[in-house]
Amino acid sequence: MDSATSDRPAVRSHLGSQASNGLKIVIVGGFGVGKTTMVRSVSDIRPLNTEEIMTRAGQEVDDLTGVTGKTSTTVAFDFGRISLNEKTVLYLFGAPGQERFWFLWDRLFSGTLGAVVLVDTRRLQDSWYAIDRLEHHGTPFVVARNDFGGPAHTHEQIRDALDLPADVPMIDCDARSRASSKSVLIELVTHLYRLSTAREGARAGAPGAVG
Amino acid sequence: MSRRGRDEDPDRLYTLTRGRSRASATFDLVTLVVSESEPVPGMQSEHRRILRLCRYPTAVVELAADLGLPVTIVRIMLSDLLDQGLISARHPRTSAGRADGLPDSQLLEQVLVGLRNL
């Protein structure tokens with residue numbers, strides 16, 4: 001952890017006693033694309049690191065039976081926290097994007113609000129598998145292009161390369177910037193809100209909600 | 001912080017969980033845990049630490065980071081503590097039972113307000 005640049009205190013602040021609803025957003029992307037940087041830039045606390053035991057087969061992990069054998073492995077991931085109001089706390093998880101970690105995402109994605117796919121246009125192929133997996137799970141997501149100063153690509157070009165459906169929002173960002181990372185999260189939650197109200201409207205038979 | 005779990009003798013993990021290999025209750029990564037009791041002498045040291053850490057609501061994943069233990073192990077210890085009535089668990093509420101799994105729009109509105117106020 002790069003704590004030298006952090007203005008946050010070494011001792012982590014605790015949540016208020018009324019905190020009762022923990023929410024999750026997952027930030028997924030290839031190695032070195034800036035996931036932890038983004039978590040750090042918006043988190044109330046310094047990013048923490050923890051690990052989960054996974055069986056190699058990607059099975060459920062509430063079971064220690066496999067731990068004694070050679071069938072298990074541990075996967076580390078970073079996370080941060082944002083208190084949204086006195087009751088609601090948002091946790092941001094940075095998940096490694098490599099294909100071999102798919103079982104970790106399946107775990108993390110369960111119950112998550114949505115996901116940010118952070119991409120580096122020099123290595124777009126690093127995002128293919130994560131996007132496949134999100135679509136497979138039906139987890140809503142937005143794509144955020146972290147600006148590494150590489151050659152300029154249009155959003156159209158990136159959409160083509162990622163084979164991205166037209167209704168998936170895309171945004172440019174600088175993961176080091178708090179304001180920019182905040183905009184990415186707002187973009188994602190706005191997208192979720194549109195999806196959620198459209199479905200609610202469709203269920204209620206409200207006019208204009210179709211589409 | 002030591003990274004227990006990765007290189008540790010699995011027997012040690014079994015000791016921590018008192019031989020249990022499975023959590024009896026479901027804890028999400030972001031379930032918020034609150035102590036209902038102060039630690040008492042004779043309690044397993046990790047259990048005492050959990051009770052101290054959870055004087056204020058603390059997510060399962062934060063406990064795992066603080067204890068330097070894999071989430072799986074922490075879940076098993078938490079379900080022991082829950083069974084004994086020593087902690088309570090505040091589980092995430094996102095969809096209000098919606099079949100499509102999408103979060104409730106009222107909740108999302110609150111999230112948006114919170115994010116804009118950052």
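This report covers the contact between chains A and B, the main nonpolar core and a small sheet in chain B of a predicted model.

## The A–B contact

Chain A brings 45 residues into contact with 43 residues of chain B. On the chain A side, five elements give two or more residues each: the strands β1 (21–29), β2 (48–55), β3 (72–83) and β4 (88–96), and the helix α5 (178–204). The top contributor is α5(A), with twelve residues.

The chemistry of this side is mixed. Nonpolar residues number 20, polar residues 17 and charged residues eight.

## The nonpolar core

The largest nonpolar core holds 76 residues. Val116(A) and Val60(B) have the most contacts inside this core. Among the elements, helix α4 (residues 71–83) of chain B gives the most, with seven residues.

What does Val60(B) touch, leaving aside residues up to four places away in sequence? One group is Phe27(B), Asp28(B), Leu29(B), Val30(B), Thr31(B) and Val33(B). The others are Val71(B), Val74(B), Arg75(B) and Leu78(B).

## The sheet in chain B

Chain B has an open sheet of three strands. Their order is β2-β1-β3, and the pairing is antiparallel. Strands β2 (58–59) and β3 (87–90) of chain B stand at the edges. Each has a single partner strand, so one side of each lacks a neighbour in the sheet.

Strand β1 (residues 32–35) of chain B is joined to β3(B) by four bridges, and the two run antiparallel. Within β3(B), Ser88(B) is the residue opposite Val34(B).

How values were computed
Residues numbered from 1 in each chain as written. Chains lettered and ligands numbered in written order. Predicted model: local features only at pLDDT ≥ 70, side-chain atom pairs only at ≥ 80, totals over all residues. Contact = placed C-beta atoms within 7 Å. Nonpolar A, V, L, I, M, F, W, Y, C, P; charged D, E, K, R; others polar. Core = buried A, V, L, I, M, F, W, Y, C linked by C-beta atoms within 7 Å. Buried ≥ 20, exposed ≤ 12 C-beta atoms within 10 Å, placed from the backbone. Pairing = 2+ DSSP bridges.
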